[in-house]
Amino acid sequence: MPSNKQVLSCVQQRNLFRPEMWFYTGPLKKPKIDASCLTWEGQQFQGKAAIVEKLSTLPFTKIAHSITAQDHQPTPDSCILSMVVGQLKADDDPIMGFHQSFILKNINEAWVCTNDMFRLALHNFG
């Protein structure tokens, strides 16, 4: 099981909280496996192809983010469980809050995102 120090080191060194990680583009298309799962606003996707297809069709061209809180824990099976809370701005839309939780697993000396759950922090008080 990774220590708390190893968890923080992994997260910091790999700069995991950049938009490329969240939206599975660029150099991070590879660190997924066919068993990887994504839940995006309640919709579930499994496997590299389905995840990349979903995220490559999101209706914005640019994204900026700000992390306001993050927590990480080692798991008994040597994974890292992470929760991130922050704000994002897509194109000219207003700033929105978001929550994201994901699991990273070290497979063949590479950290792989095996599970990822993302939700905008929208409130409907109607």
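The following exercises, each with a worked solution, concern the predicted model shown above.

Residues are numbered from 1 along each chain as its sequence is written. Because the model is predicted, local features need pLDDT of at least 70 and side-chain atom pairs count only at pLDDT 80 or more, whereas totals for chains, interfaces and linings use all residues; side-chain values use heavy atoms, without hydrogens and water.

**Exercise 1. Determine which elements the protein has and in what order they run from the N terminus.**

Solution. Elements are DSSP runs numbered from the N terminus: helices are H or I runs of at least four residues, and strands are E runs of at least two. Under this definition the protein has 3 helices and 6 strands. Their succession from the N terminus is α-α-β-β-α-β-β-β-β.

**Exercise 2. Establish the strand order of the open sheet and identify the strands at the edges.**

Solution. Two strands pair if DSSP finds at least two bridges between them. The 6 strands of the open sheet then follow the order β2-β1-β6-β5-β4-β3, and the pairing is mixed. At the edges stand β2 (43-46) and β3 (63-74); each has a single partner strand, so one side of each lacks a neighbour in the sheet. One pair within the sheet is β4 (residues 79-90) with β5 (residues 96-107), antiparallel over 10 bridges. In this pair, Leu81 has Ile103 of β5 as its bridge partner.

**Exercise 3. Describe the largest nonpolar core and state which strand gives the most to it.**

Solution. Buried means under 20% relative accessible area, exposed over 50%, and partly exposed in between (1.4 Å probe, protein chains only). A nonpolar core is a set of buried Ala, Val, Leu, Ile, Met, Phe, Trp, Tyr and Cys residues joined through side-chain atoms within 4.5 Å. The largest such core holds 16 residues, of which Leu38, Trp40, Leu55 and Leu104 touch the most other members. At least two residues each come from β1 (37-40), α3 (48-56), β4, β5 and β6 (110-120). The largest contribution, 4 residues, is that of β5. Over the protein, buried residues amount to 35% of the 126 residues.

**Exercise 4. Explain why Cys37 and Cys113 form no disulfide, and classify the burial of each.**

Solution. A disulfide is a pair of cysteine sulfur atoms within 2.5 Å. The cysteine sulfur closest to that of Cys37 belongs to Cys113 and lies 9.8 Å away, which is too far for a bond. The count is therefore 0 disulfides by this rule. As for burial, Cys37 is partly exposed at 27% relative accessibility, whereas Cys113 is buried at 2%.
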